[in-house]
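Reader: I'm used to gels and assays, not coordinates. Could you walk me through how to read a model like this?

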Amino acid sequence: MNKTIKYFFYSCTVALLGSACSDSFLDVKPRGTDLEANYYRNRQEAFNGLVAVYDVVGWQGGGYVTKINAVSAASDDHYAGGGGPNDVTNLQVWSDYSLTPAQGPQEELWRKGFSGIFRANILLQKLPDIPMDENEKARFTAETKFLRAYFYFDLVRLFKNIPLFTEPVATDQMYNVTQAPPADVYALIEQDLLDAIPALPPTIPVATEGGRATQGTARALLGKVYLQQEKFGPAAEQLAQVNGEPGSTSQYGYRLLDNFGDLFEVSNKFNSESIFEISFTNTSVGDWGCVSCTEGNVMNIMVGPRNYNPRPGAPDYVSGWSFLPITPQLFDEIHYDPRNPHTVANLDSLEANGLATYEKGYMNTGYFLEKFAGREKDRWTGAGSPELNFPQNMYEIRLADTYLLEAEALVRGGGNATRAAALLNAVRHRVGLGPIAATFDNIKRERRLELVGEGHRWFDLVRWGDAATALASRGFVAGRHEILPIPLLELENTQIEQSVEWGGTK
């Protein structure tokens, strides 16, 4: 949840957030109809509605599925891991590509996306009639359109064939919705972002508004959207405005941190490299009674080594659940890279040197995700369950990501090769590596090593057309596994059709 607006969250939970437990986005509207008729009467209630839309960005399912852990398990950088082959089955079946329309992470990811879109459409419908400052209303509208575009971008990349809603669905029409062509979805995403940019602030005061969308945030997402469609020129244009001169501070105040490891310090939230950040807190006192209700980061407990027993001088990892172990192939790539110690927790090395012991979990490799492994120093000691109240934020978009995306757009689109090399080598220079040529293969490798565990690798492999080769040994089938199946629940008593890739007709 957004850091600056978390304080208002609980005041709007009952009215706006009950949909988080719904089995289907189609069930959301009827549950809130009466409450919505009496809500959105003033600026405060409009703000609460905006909080509710932002809150979906950090969505964590009751079954521990999140976008980042799911796409990481599906990539060639990680296995699902955990305690056994049935531990969080929805991650396991995507990791080994045995998922079906009835089993996999798709239900949670579909629910997340359409919950965000539902909340955004309600707010966009209500905002014009709310008495409040018109400039602030324009900003709220722009933020909401940005968020709707963000949710649709995830959905169209994950599922391809999705319904397209620009307004709330009437109760008597909710089972009659159909899917839109992907091109129409992308057109709405682009238009929402183009509409949003002028009304968003160029920069924000981080101390009071950290986490809210800015012009730079929207341009960065628009650049990603254009690149996904291989619109290389427009992608490079938008990303260049975000990035500025490589290695310097951009017009929006973005700048690469000097120290790569500082990116993952829990206290270093909303730093100069952060463009769009998923916020977590330890103040929600989440407990096992409702895992999906916590505002703590479940990734921190999921990726830690199981039954960790440190000796003096060992890192203070929290004993975790051993999900997302790093594959040997990735370790071989990153072992001698300067980012390795900030990316990989090498438990076998600690054990071999007598510094720690740990239980070997499912598909154990000995290599864990250092970036997000929970630490005792960050362990919550107040009310609630410590395991569910880690406060580390995660990045949706950061500057090194957009540097490399712009470099890719320039190289693939025949653009400025000198600038592409400067962008690529600024990322390398930050960690003490020398310059290399800005080839597509070099950019691919740099993205892999820079962004481990941050939720980009699977999307990159699919976008580049490399997934079938990179994931062949995992069971990936070309022409099917580039998208997720439509959840079985969404096909029952609706007009929604399964994708052709999954045996349907859409």
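What follows is a talk through confidence, a helix, a core, a strand pair and a few single residues.

Author: First, the ground rules. This is a predicted model, where local features need pLDDT of at least 70, side-chain atom pairs count only at pLDDT 80 or more, and totals for chains, interfaces and linings use all residues. Residues are numbered from 1 along each chain as its sequence is written, and side-chain values use heavy atoms, with hydrogens and water left out.

Reader: What average pLDDT does the protein chain have?

Author: pLDDT is the predictor's confidence in each residue, from 0 to 100. Here the chain averages 92, and 93% of the residues score at least 70. Watch residues 1–34, though: pLDDT stays under 50 there, and the model has 91 contacts for them beyond four places in sequence. Contact means heavy atoms within 4.5 Å.

Reader: Okay, helices next. How far apart are the end C-alpha atoms of H7?

Author: Helices (H or I, at least four residues) and strands (E, at least two) are DSSP runs, numbered from the N terminus. The expected span of a helix is 1.5 Å times one less than its number of residues. For the 26 residues of H7 that gives 38 Å, and the end C-alpha atoms are 37 Å apart, which agrees.

Reader: How many residues of H7 are buried?

Author: Buried means under 20% relative accessible area, exposed over 50%, and partly exposed in between (1.4 Å probe, protein chains only). In H7, 21 of the 26 residues are buried, so the helix is largely enclosed by the rest of the structure.

Reader: Which residue caps the N-terminal end of H7?

Author: Think polar contacts: pairs of N or O atoms within 3.5 Å; within protein, one must be able to donate a hydrogen and the other to accept it, and residues adjacent in sequence count only if both atoms are side-chain atoms. Asp-133 does the capping, with a side-chain oxygen 3.0 Å from the backbone nitrogen of Asn-135. At the other side, H7 is followed by Lys-160, with a positive phi near 70°.

Reader: What should I make of a positive phi?

Author: Most residues other than glycine have a negative phi. Lys-160 sits in the loop between H7 (134–159) and strand S1 (162–163), and is partly exposed at 29% relative accessible area. Glu-230 also has a positive phi, about 60°, although it is not a glycine. You'll find Glu-230 in the loop between helices H10 (215–228) and H11 (232–243), partly exposed at 46%.

Reader: Which residues have the most contacts inside the largest nonpolar core?

Author: In soluble globular proteins, nonpolar side chains tend to be buried together. A nonpolar core is a set of buried Ala, Val, Leu, Ile, Met, Phe, Trp, Tyr and Cys residues joined through side-chain atoms within 4.5 Å. The largest one has 146 residues, and Trp-94, Tyr-152 and Ile-189 have the most contacts inside it. H7 gives the most to this core, 13 residues. Leaving out residues up to four places away in sequence, Tyr-152 touches a set including Phe-114, Ile-117, Leu-188 and Ile-189.

Reader: And strands? Which way do S3 and S8 run?

Author: Two strands pair if DSSP finds at least two bridges between them. Four bridges join S3 to S8 (residues 394–398), and the two run antiparallel. Ser-274 stands opposite Arg-398, while Glu-277 has Tyr-395 as its bridge partner. In S3 (residues 274–278), five of five residues are buried; for S8, too, the count is five of five.

Reader: Is Asn-425 buried or exposed?

Author: Asn-425 counts as buried, at 14% relative accessibility. This residue belongs to helix H17 (residues 417–430), and its side chain reaches the backbone nitrogen of Ile-436 at 2.8 Å. Beyond its neighbours within four places in sequence, Asn-425 is in contact with Gly-434, Pro-435 and Ile-436.

Reader: One last residue, then. Where is Leu-484?

Author: Leu-484 lies in the loop between helix H20 (467–470) and helix H21 (488–491). Loop or not, Leu-484 counts as buried, at 0% relative accessibility. Among the residues Leu-484 touches, setting aside those up to four places away in sequence, are Trp-94, Leu-158 and Trp-502.
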